[in-house]
Amino acid sequence: MKRFKCWLRRNLWPVWALWLALEWVVWGVRWLMHRRPSLPRDFYDTEAWRRLRYQALRRSDGKCQCCGRGKRDGAILQVDHIKPKSRFPALAMSLGNLQVLCRDCNLGKSNTDVIRW
Ligand SMILES: [Zn+2]
């Protein structure tokens, strides 16, 4: 009996260590998923985003929806998420959540402002 207990102590700790490591991995994955809600890091490089961006530019006739200036007036146009994608990742690819702003107009808008022009 004493020998058996000794054997158990010697052979059980790898199992316990393995279980602990597995738990760590599960928690690590869960933490990563929580940290990055489904949007790729290079979101603005994706084909889908470029296509959507083009649609938004066409819809606005290539003009800033705030001040009405276009490329010919020297404005740098940017397609902006009305509801920021960092807070509303589900709306990141929704055309209805996009607006075209020139850089000057967009600069005044922060991530907390969700105004629709
Ligand atoms: Zn503008």
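## Helix H2 and the loop after it

Let's start with helix H2, which covers residues 47-59 of this predicted model. H2 has 13 residues, and at 1.5 Å a residue that should give a span of 18 Å. The C-alpha atoms at its two ends sit 19 Å apart, so the helix agrees with what you'd expect.

After H2 comes Asp 61, and this residue is worth a look: its phi is positive, near 60°. Most residues other than glycine have a negative phi. Asp 61 is not a glycine, yet it still has that positive value of about 60°. As for where it sits, Asp 61 is part of the loop between H2 and E1. Is Asp 61 buried or exposed? It counts as exposed, because it has 10 C-beta neighbours inside 10 Å, and the cut-off for exposed is 12 or fewer.

## The overall layout

Zooming out, the chain has three helices and two strands. Reading from the N terminus, you meet them in the order α-α-β-β-α.

Of the 117 residues in the chain, buried ones make up 9%. On the contact side, take the pairs of residues at least 6 apart in sequence: 57% of those contacts join residues at least 24 apart.

## The two strands

Strand E1 (residues 77-81) runs antiparallel to E2, and five bridges join the two. If you want one pairing to find on screen, try Gln 78, whose bridge partner in E2 is Leu 101.

E2 itself is largely enclosed by the rest of the structure, since five of its five residues are buried. Which residues point which way from E2? Leu 98, Val 100 and Cys 102 point one way, while Gln 99 and Leu 101 point the other way. Both sets are buried.

## The nonpolar core

In soluble globular proteins, nonpolar side chains tend to be buried together. Here the largest nonpolar core has seven residues: Cys 64, Ala 75, Leu 77, Val 100, Leu 101, Cys 102 and Cys 105. Strand E2 (residues 98-102) supplies the largest share of this core, with three residues.

Ala 75 is a handy core member to zoom in on. Leaving aside residues up to four places away in sequence, Ala 75 touches Cys 64, Arg 69, Gly 70 and Cys 102. Two of those partners, Cys 64 and Cys 102, belong to the core as well.

Definitions and conventions
Residues are numbered from 1 along each chain as its sequence is written. This is a predicted model: local features need pLDDT of at least 70, side-chain atom pairs count only at pLDDT 80 or more; totals for chains, interfaces and linings use all residues. A nonpolar core is a set of buried Ala, Val, Leu, Ile, Met, Phe, Trp, Tyr and Cys residues joined through C-beta atoms within 7 Å. A residue is buried if 20 or more other C-beta atoms lie within 10 Å of its own, exposed if 12 or fewer, and partly exposed in between; C-beta atoms are placed from the backbone. Helices (H or I, at least four residues) and strands (E, at least two) are DSSP runs, numbered from the N terminus. Two residues are in contact if their C-beta atoms, placed from the backbone, lie within 7 Å. The expected span of a helix is 1.5 Å times one less than its number of residues. Two strands pair if DSSP finds at least two bridges between them.
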